[in-house]
Amino acid sequence: VVQFISCLYVLPVVPFQMKRAGYNQEGTIVATAVTCCIGCIIGAFLTDMPFIIAPPTSVSIFFAVSLQQKNMGFREGNTALMISSAMLLVVGLVPAIGRLLSKMIPDG
C-alpha cells in the first residue's frame, strides 16, 4: 500500500517540478506514468515479485532546479541526460571500466 501511495505522489510532483524547468506538463505526466509502468513490469519479471518502481522525486527536483539555476532549457537538459545515461550504460556493460572507476574511489 505504501508503494502505491508513493507512486501516486510521484505522478503529480515530477511533472510540476519539470514544468518549472520548461518541460511540457502533459508530456511529463505521460512519460512519468510510462516509466513507472515499464519499471514495474521489468521488475516483476526479473524478480518474480510484485515491485512498484517509480522515478525518485528528489532526482527530478534536483534536475529541474539545476536547469533553472544554469538558465538551461529542456533541450540542454535532455542532452545532458542522454550523455550521462550513455556513460552509465558503458560503465555497466564494460566491467573493466567499472573496476577501474571503483579503484579510483578512495577507501574510508
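1. A pocket, in the sense used here, is an open set of grid points at which a 1.4 Å probe fits, with protein on both sides within 12 Å along at least five of seven lines. In this predicted model, the largest pocket holds about 510 Å³ of space. Its lining is made up of 16 residues, and those closest to the centre of the pocket are M18, P55, S60, F63 and L81.

2. Which elements give two or more residues to the lining of this pocket? They are the helices α1 (2-20), α2 (25-47), α3 (57-69) and α4 (74-93). As to the character of the lining, 10 of its residues are nonpolar and six are polar, while no charged residue is found among them.

3. S60, one of the residues closest to the centre of the largest pocket, belongs to helix α3. With a relative accessible area of 11%, S60 falls under the 20% limit and is therefore classed as buried. Once neighbours within four places in sequence are left aside, S60 is in contact with V14 and M18.

4. T28, which is placed in helix α2, also counts as buried, its relative accessibility being 10%. Not counting residues up to four places away in sequence, T28 touches V14, P15, M18 and Y23. V14 and M18 thus appear among the contacts of T28 and are likewise the residues listed for S60.

5. The largest nonpolar core consists of eight residues, namely V10, V14, M18, A21, Y23, F63, A64 and L67. Helices α1 and α3 each supply at least two residues of this core. Two of its members, M18 and F63, are also listed among the residues closest to the centre of the largest pocket.

6. A21, a member of the same core, is in contact with A64, L67, Q68, M72 and F74 when its neighbours within four places in sequence are left aside. Of these contacts, A64 and L67 are themselves part of the core.

7. The count of aromatic pairs comes to two. One of them joins Y23 and F63, whose ring centres are 6.4 Å apart and whose planes stand at 50 degrees, so the pair is described as tilted rather than stacked (under 30 degrees) or edge-to-face (over 60). This pair links distant parts of the chain, since Y23 sits in the loop between α1 and α2 whereas F63 is in helix α3, with their positions 40 residues apart in the numbering. Both Y23 and F63 are buried, and together with F74 they form one aromatic cluster.

8. Is K19 buried, partly exposed or exposed? K19, found in helix α1, has a relative accessibility of 47% and so counts as partly exposed, the exposed class being reserved for values over 50%. The C-alpha atoms of K19 and F74 are separated by 9.6 Å, although the two residues are 55 residues apart along the chain.

9. L89, in helix α4, has a relative accessible area of 52% and is therefore exposed, being over the 50% limit. From C-alpha to C-alpha, L89 and F62 are 21 Å apart in space, and in sequence they are 27 residues apart.

Methods
Residues numbered from 1 in each chain as written. Predicted model: local features only at pLDDT ≥ 70, side-chain atom pairs only at ≥ 80, totals over all residues. Heavy atoms only, no water. 1 Å grid on protein atoms, 1.4 Å probe; cavity = no way out; pocket = protein on both sides within 12 Å on 5 of 7 lines; lining within 4 Å. Points joined across faces, edges and corners; volume = space filled by probe spheres on them. Helix = DSSP H or I, 4+ residues; strand = E, 2+ residues; numbered from the N terminus. Nonpolar A, V, L, I, M, F, W, Y, C, P; charged D, E, K, R; others polar. Phe/Tyr/Trp six-rings, centres within 6.5 Å; stacked < 30°, edge-to-face > 60°. Buried < 20%, exposed > 50% of the residue type's maximum accessible area, 1.4 Å probe, protein only. Core = buried A, V, L, I, M, F, W, Y, C linked by side-chain atoms within 4.5 Å. Contact = heavy atoms within 4.5 Å.
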